[in-house]
Amino acid sequence: MSARKMLTFCAGITFALMSSFAAKAMTVSPMQVEMMAAGSKATARVTVTNNSTEPLPVEAVIARLKLDENGRQSTSKAGEEFLIMPPQAMIPPGGTQNFRVQWLGEPLMDTSESFLLFINQLPVKLARQSVGVQVVMSLGVMINVAPAQGQPALKIVGTGASTAKNGKKYPVVTVENVSKVHALLPQATMHLNGDGWEHTLSPAMLGDRIGIGLVQPGRRRKFTLPVELPPGAQGFEAAIEMKPKR
């Protein structure tokens with residue numbers, strides 16, 4: 001191995017170790033917050049823990065969130081929909097900081113809105129004689145704000161199959177949220193049936209394998225379901241049963 005390649009290899013290891021250290025330096029809980037535009041659920045709390053041996057400076061920044069059909073995120077600048085207190089904090093080693101999240105938007109909102117609350121680690125000024133690379137991190141908390149009235153409603157608008165690298169096939173469903181309230185797929189039960197087979201996916205299974213499963217009002221999401229299709233299966237039917245928790 002040449003000297004240049006060795007230097008690059010060592011630098012890569014160093015950066016990976018620093019990134020791993022940074023990822024362990026801060027934890028945020030919860031990573032998903034469900035709020036309402038009015039009442040007691042118009043306020044929430046997010047806790048940041050400093051797991052490192054150094055003081056941790058952080059700031060809280062809100063961005064508006066959109067998801068496309070494949071779950072890809074896009075963010076845009078939010079307005080003054082929230083009051084975050086404190087906006088910045090210095091968390092001592094081993095300490096925690098609670099951030100109060102207060103909805104200041106329209107209390108009579110008509111349609112759910114989604115946001116990301118970014119907890120950003122702030123870089124610190126290095127001593128003049130110090131040489132090094134600072135690795136700062138940012139963790140995003142999904143915040144969904146729902147109107148006081150209404151229920152989410154999902155319908156199946158498409159089915160298909162996805163083939164994994166090992167050759168196994170898995171069912172794919174496209175769902176549409178036909179309501180004005182955001183929907184979470186793990187609050188549903190999914191029933192699948194084909195030629196001589198059937199399978200039911202519980203909310204717990206969907207939550208464990210798919211995650212939050214957000215479907216925003218008036219939008220569609222495509223999900224690959226965590227159950228293998230039988231060999232030779234020629235299509236299937238799907239039905240969804242929502243059991244929203246509000």
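This note sets out points on the confidence, sheets, cis peptide bonds and second largest pocket of a predicted model.

1. Confidence. The structure is a predicted model, and its average pLDDT is 88 across the protein. A score of at least 70 is reached by 85% of the residues. Residues 1-23 deserve separate mention, since pLDDT stays under 50 over that stretch. For residues 1-23 the model has nine contacts beyond four places in sequence.

2. The four-strand sheet. An open sheet is built from four strands in the order 1-3-8-6, and their pairing is antiparallel. Strand 1 (26-29) and strand 6 (82-85) each have a single partner strand, so they stand at the edges and one side of each is left without a neighbour in the sheet. On average, neighbouring strands of this sheet are turned by 20 degrees against each other, direction ignored. As background, the strands of a sheet pair through backbone hydrogen bonds, in either a parallel or an antiparallel manner.

3. Pairing of strand 1 with strand 3. Strand 3 covers residues 43-50 and runs antiparallel to strand 1, to which four bridges join it. Within strand 3, Asn 50 is the residue that stands opposite Met 26.

4. Cis peptide bonds. Two peptide bonds that lead into proline call for attention when the backbone is inspected. Ser 29 and Pro 30 are joined by a cis peptide bond with omega at about -5 degrees, and Pro 30 belongs to the loop between strand 1 and strand 2. The bond from Met 85 to Pro 86 is also cis, with omega near -5 degrees. Pro 86 is found in the loop between strand 6 and strand 7 (88-91).

5. The three-strand sheet. Another open sheet has three strands in the order 11-12-17, again with antiparallel pairing. Strand 11 (154-163) and strand 17 (220-224) are its edge strands, and each pairs on one side only. Neighbouring strands here are turned by 20 degrees against each other on average, direction ignored. Strand 12 (residues 169-177) pairs with strand 17 in the antiparallel sense over five bridges. One of the facing residues in strand 17 is Arg 221, the bridge partner of Val 175.

6. Strand 14 and its partners. Strand 14 (residues 188-194) pairs with strand 18 (residues 237-242) over six bridges in the antiparallel sense. Met 190 has Ile 240 of strand 18 as its bridge partner. Strand 14 is also joined by five bridges to strand 15 (residues 197-201), and these two run antiparallel. Gly 194 has its bridge partner in strand 15, namely Trp 197. The hairpin of strand 14 and strand 15 has two residues between the strands, and Gly 196 in this hairpin takes a positive phi near 85 degrees.

7. The second largest pocket. How much space lies in the second largest pocket? The volume is about 310 Å³. Its lining has 17 residues, and the closest to its centre are Glu 34, His 182, Leu 184, Gln 187 and Lys 245. By residue class, the lining divides into nine nonpolar, four polar and four charged. Strand 2 (residues 32-36) gives the most to this lining, with four residues.

Methods: Residues are numbered from 1 along each chain as its sequence is written. This is a predicted model: local features need pLDDT of at least 70, side-chain atom pairs count only at pLDDT 80 or more; totals for chains, interfaces and linings use all residues. Side-chain values use heavy atoms; hydrogens and water are left out. Two strands pair if DSSP finds at least two bridges between them. Axes are lines fitted to C-alpha atoms, for helices over the stretch in contact, and angles run from 0 to 180 degrees between N-to-C directions. On a 1 Å grid over the protein atoms alone, a cavity is a set of points where a 1.4 Å probe fits but cannot get out, and a pocket is an open set with protein on both sides within 12 Å along at least five of seven lines; lining residues have an atom within 4 Å of a point. Grid points are joined across faces, edges and corners, and a volume is the space filled by probe spheres set on the points. Ala, Val, Leu, Ile, Met, Phe, Trp, Tyr, Cys and Pro count as nonpolar, Asp, Glu, Lys and Arg as charged, and the others, Gly among them, as polar. pLDDT is the predictor's confidence in each residue, from 0 to 100. Contact means heavy atoms within 4.5 Å.
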